[in-house]
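Welcome, and thanks for taking a look at this one with me. Below are a few numbered points to help you find your way around.

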Amino acid sequence: MEKLRIVFMGTPDFAVGILDTIYKNNYDIVGVITAPDKPAGRGQKVSMSAVKEYALEKNLRLLQPTNLKSEDFLTELKSLDANLQVVVAFRMLPEVVWKMPKLGTFNLHASLLPEYRGAAPINWAIINGETKTGVTSFFIDDKIDTGAMILSKETEIGTNETAGELHDRLMHLGSATVLETLQLIESGKATTTLQENNPDVKTAYKLNKDNCKIDWSQSGTTIFNLIRGLSPYPAAWTYIKDGENEWNVKIYLANFEKKEHTDTIGKITTTKKEIFIAVKDGVLKIESLQFPGKKRMLAHELLNGVKLTENAIAL
């Protein structure tokens, strides 16, 4: 049995959960690699990654390279003398980095590979209406999320589950999977399975403004899945037009009721406490949303300050 000396690479909250599990199980973490600090938010205040905050709190050796191929970084990385690297929600590594440790470099990906390779697997699994997903540990190779798989763990997706809720569950499932993967590698019992090269596998494309916009001509179920698949971040959005007013509105939570109606697609109907938007096969009841310059609100809270007329429509 070879004692592990681990370099951990990651950036967001999801990665922190896994790093914390490794730390609490007394593995030797000789270094943590994360993204450089960058401006964020309206004030563009320089902020540090969630992984950096954790590493500083635990007094772990921290590196924040801007260039993963620079000689200075590679020299420093090599000096850590790691025999294994663990990657969770980081960026693509150059070959000189992932080949460096004796025992290799493995990644924890939040999908059942080979499905949903890419940047946003949790979101796209829900957006596409999947009923199950999971996590996969695999050894990194020269492409994105294509390496030989070590372990996969499956879980069901709830009918109304949001990306945020699934994120938290997969973080716990991922932590247990990484821990089991470490034990297999440490004991020399890790075996791998090659991923199939199937052109029909679904891809977890990077999220952007275009693929987060609601298309009201789609079915209610499709729109419902988009909303929960993007909640709470980055959030599905739409334009709402009411007379001369037009707002860019984020929608965080909704419920879909399938039924026949004669309303124009996108027509908004309100009561004192409720907001409904007509779709081709029913109506969406909007539960939580955000207008520009306002905080996220429940529908009844928004209606206390924003009055929509019978001409209001979602575009």
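1. Let's start in a loop: P114 sits between strand 7 and strand 8 (117-118). The peptide bond that leads into P114 from L113 is cis, with omega near 10°. Please keep in mind throughout that this is a predicted model.

2. A second cis peptide bond to look up runs from Y233 to P234, with omega near 0°. You will find P234 in the loop that links helix 7 (220-229) to strand 12 (236-242).

3. Now for the whole chain. Its secondary structure comes to eight helices and 18 strands, and the C-alpha atoms fill a box of roughly 70 × 40 × 30 Å along the principal axes. Of the 315 residues, 48% count as buried. If you take contacts between residues at least 6 apart in sequence, 65% of them join residues at least 24 apart.

4. On the outside, the protein chain exposes about 16,200 Å², and carbon and sulfur atoms supply 49% of that area. There are 38 positive and 39 negative side chains, with the centres of the two sets lying 4 Å apart.

5. A good feature to trace by eye is the open sheet, in which seven strands follow the order 5-2-1-6-7-9-10 with mixed pairing. Strand 5 (62-63) and strand 10 (149-156) are its edges, each pairing on one side only. Helix 6 (residues 163-186) packs on this sheet, touching strand 1 (5-10), strand 6, strand 7, strand 9 (132-139) and strand 10. The direction of helix 6 makes about 150° with that of strand 10.

6. Within the sheet, strand 6 (residues 84-88) and strand 7 (residues 105-109) run parallel and are joined by three bridges. For V87, the bridge partner in strand 7 is N107.

7. Is T133 buried or exposed? This residue of strand 9 counts as buried because its relative accessible area is 4%, under the 20% cut-off. Among the residues that T133 touches are A110, L112, A125, K153, T155, L166 and L170.

8. Finally, two residues other than glycine have a positive phi that you may like to check. D81, in the loop between helix 3 (71-79) and strand 6, has phi near 60° and is exposed, with a relative accessible area of 52%. A89 lies in the loop between strand 6 and helix 4 (95-98); its phi is near 55°, and A89 is partly exposed at 36% relative accessible area.

Conventions:
Residues numbered from 1 in each chain as written. Predicted model: local features only at pLDDT ≥ 70, side-chain atom pairs only at ≥ 80, totals over all residues. Heavy atoms only, no water. Pairing = 2+ DSSP bridges. Contact = heavy atoms within 4.5 Å. Axes fitted to C-alpha atoms, helices over the stretch in contact; angles between N-to-C directions. Buried < 20%, exposed > 50% of the residue type's maximum accessible area, 1.4 Å probe, protein only. Areas by Shrake-Rupley, 256 points an atom, 1.4 Å probe, with all protein chains shown as cover. Lys, Arg positive; Asp, Glu negative; His and termini not counted. Charge placed at Lys NZ, Arg CZ, Asp CG, Glu CD. Lists of a residue's contacts leave out its neighbours within four places in sequence.
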